[in-house]
Each structure stands twice: as structure tokens, then as C-alpha cells.
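Please open the model in your viewer and keep the sequence beside it, so that each stop on this tour can be selected in turn.

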Amino acid sequence: MSAVLVAIDGPSGSGKSTVARRVAEQLGIGYLDTGAMYRALAWLALSEGVDLHDEVAVRALADRLDLELSPGRVRVGEVDVTAAIRTPEVTAAVPPVARNLAVRAWMAQEQRRQMLAAREAGTGMVAEGRDITTVVCPEADVRVLLTASEEARLRRRTLELHGELTEETLEATRAQIVDRDRSDATVSEFFDPAPGVVLIDSSNASIDEVVEQILSLV
């Protein structure tokens, strides 16, 4: 079981990051936060003053992304960017980076390399993000599309960003959810499962319940 590969896809706010971490902990295998990879590249672009809409320049920057991911920690070179990549400024910079098809191809190749290396090493991995179940690693042992209603995802993301649910915080987050879905949908399919991918709707399920469903698939 140690070399198992689990791929979890889904829209923003579906709970896939939390679920993926929990599944990895339960199985005692690695966890790949692909969202952090895009955020780290967006952070680097902002840090170096690279125009986010200059697709060639951003793709070139990916070749210099000295990224280190470890449990609860993200580093770019010698800089700990764990907190920095979660700031509103970086969050706003992620969509144009994620829409860059050349960057997506680079990310998919790197993510696939890490997943297959984990299988080869016998350590296994849970990876979550866009296109994980299809483009990145369609041969994963367990493939899940984790989804939820727009309102459920809005509530989760609002709590994550603001720590409370008020009319003001909900509205402040709504555009981010809607805009992110619209942006990502131009380059990725994440609402309908591909053949062989199990659909799990987390709208009315707790994190523990979703984790148990995925563990039962494993």
C-alpha cells in the first residue's frame, strides 16, 4: 500500500487540499500540493517584477523556480514563502499564471515526475489540483473528482480567508470563487469526472466523511 498513488481533482473550495493532506497522513505517504507550486511561481514573478501576462517570460521563470515543498512548509531558494504565497496579492496573481498553457505543461510534467518517482521509490503520494486525474497522472491507483455546490465552496473559502461568515466576508469572497472557476474552466475540466474517476460531492459531507470515502477506495 505504501507505493499507492492517489489523485484528487476538483474546483476551488471543494476541500481537496484538506482532504488530500488527511488521506496522506492516514496512509503514511507523501502529499503534493500542486496549488502551492502555482502560487510559488506567482510569488516569484511578483518578486522579480515579471509581467504576469507575458506568457513567455513567466514560462521562462518556471525553469528557475528552485522550489522545495515539505509538510507545512514552502521554500523558493533560500526564502520561506509559506505565508507569503497565501497573501491576497499572490492569490490575485495566480489566475494569469494558471491560465498560461506553457506553464501548465511545465507544471504537469513536474508533478507527474514527482508522483512517478514516489511510486518508484515505494513511498507513494497523494496529489491534488487541476488535471491531476487526467493530464498529470491518469494511471494513479485511485482517482477522485471532489466537488461541492458553489455555496458550500464559498462558505469554506470565506472561513479560510476571513475566519468568519458574515454577509460582508461572503460577498468579498464570492467574486474570487466565481472568477476562479470561470478562469480555470478555460484551460481545465473539473466539474465532470473522466472515465474511471470517482465523483464525490462534499457539499453536505464532513472532511472526515470524505476522507473515509477515499480511504475505502484505496
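## First stop: helix α5

Select residues 101-121, which form helix α5; helices here are DSSP runs of H or I with at least four residues, strands are DSSP runs of E with at least two, and both are numbered from the N terminus. At 1.5 Å a residue, the 21 residues of α5 should span 30 Å, and the end C-alpha atoms are 30 Å apart, which agrees; the expected span is 1.5 Å times one less than the number of residues in the helix.

Before going further, note that this is a predicted model, in which local features need pLDDT of at least 70 and side-chain atom pairs count only at pLDDT 80 or more, while totals for chains, interfaces and linings use all residues. Residues are numbered from 1 along each chain as its sequence is written, and side-chain values use heavy atoms, with hydrogens and water left out.

Now show the side chains of α5 and look for its buried residues, which are V103, R104, W106, M107, A108, Q111, M115 and A118; buried means under 20% relative accessible area, exposed means over 50%, and partly exposed lies in between, with a 1.4 Å probe and protein chains only. At the start of the helix, a side-chain oxygen of N100 reaches to within 3.1 Å of the backbone nitrogen of A102. Just after the helix, select G122, which takes a positive phi of about 80°.

## Second stop: R112

Is R112, a residue of helix α5, buried or partly exposed? It is partly exposed, with a relative accessible area of 29%. Display what surrounds R112: leaving aside residues up to four places away in sequence, R112 touches V136, C137, P138 and E139, where contact means heavy atoms within 4.5 Å. With E139, the side chain of R112 makes a polar contact of 2.7 Å; such a contact is a pair of N or O atoms within 3.5 Å, and within protein one atom must be able to donate a hydrogen and the other to accept it, with residues adjacent in sequence counting only if both atoms are side-chain atoms. If you then draw a distance from R112 to V135, the two are 23 residues apart in sequence and 8.9 Å apart in space, C-alpha to C-alpha.

## Third stop: strand β1 and its partners

Select residues 5-9, strand β1, where five of the five residues are buried. Turn the strand to see both faces covered, with L5, A7 and D9 on one side and V6 and I8 on the other. Add residues 125-128, strand β6, which pairs with β1 in the parallel sense over four bridges; two strands pair if DSSP finds at least two bridges between them. Here A7 stands opposite A127. Then add residues 142-147, strand β7, which also pairs with β1 in the parallel sense over four bridges, and find D9 opposite L145.

## Fourth stop: a sheet of three strands

Move on to an open sheet with the order β3-β4-β5 and antiparallel pairing. Its edge strands, β3 (67-70) and β5 (79-80), each pair on one side only. Four bridges join β3 to β4, residues 73-76, and S70 has R73 as its bridge partner in β4.

## Last stop: the whole chain

Finally, show everything: the chain has nine helices and eight strands, and 46% of its 218 residues count as buried. Along its principal axes, the C-alpha trace spans about 45 × 45 × 30 Å.
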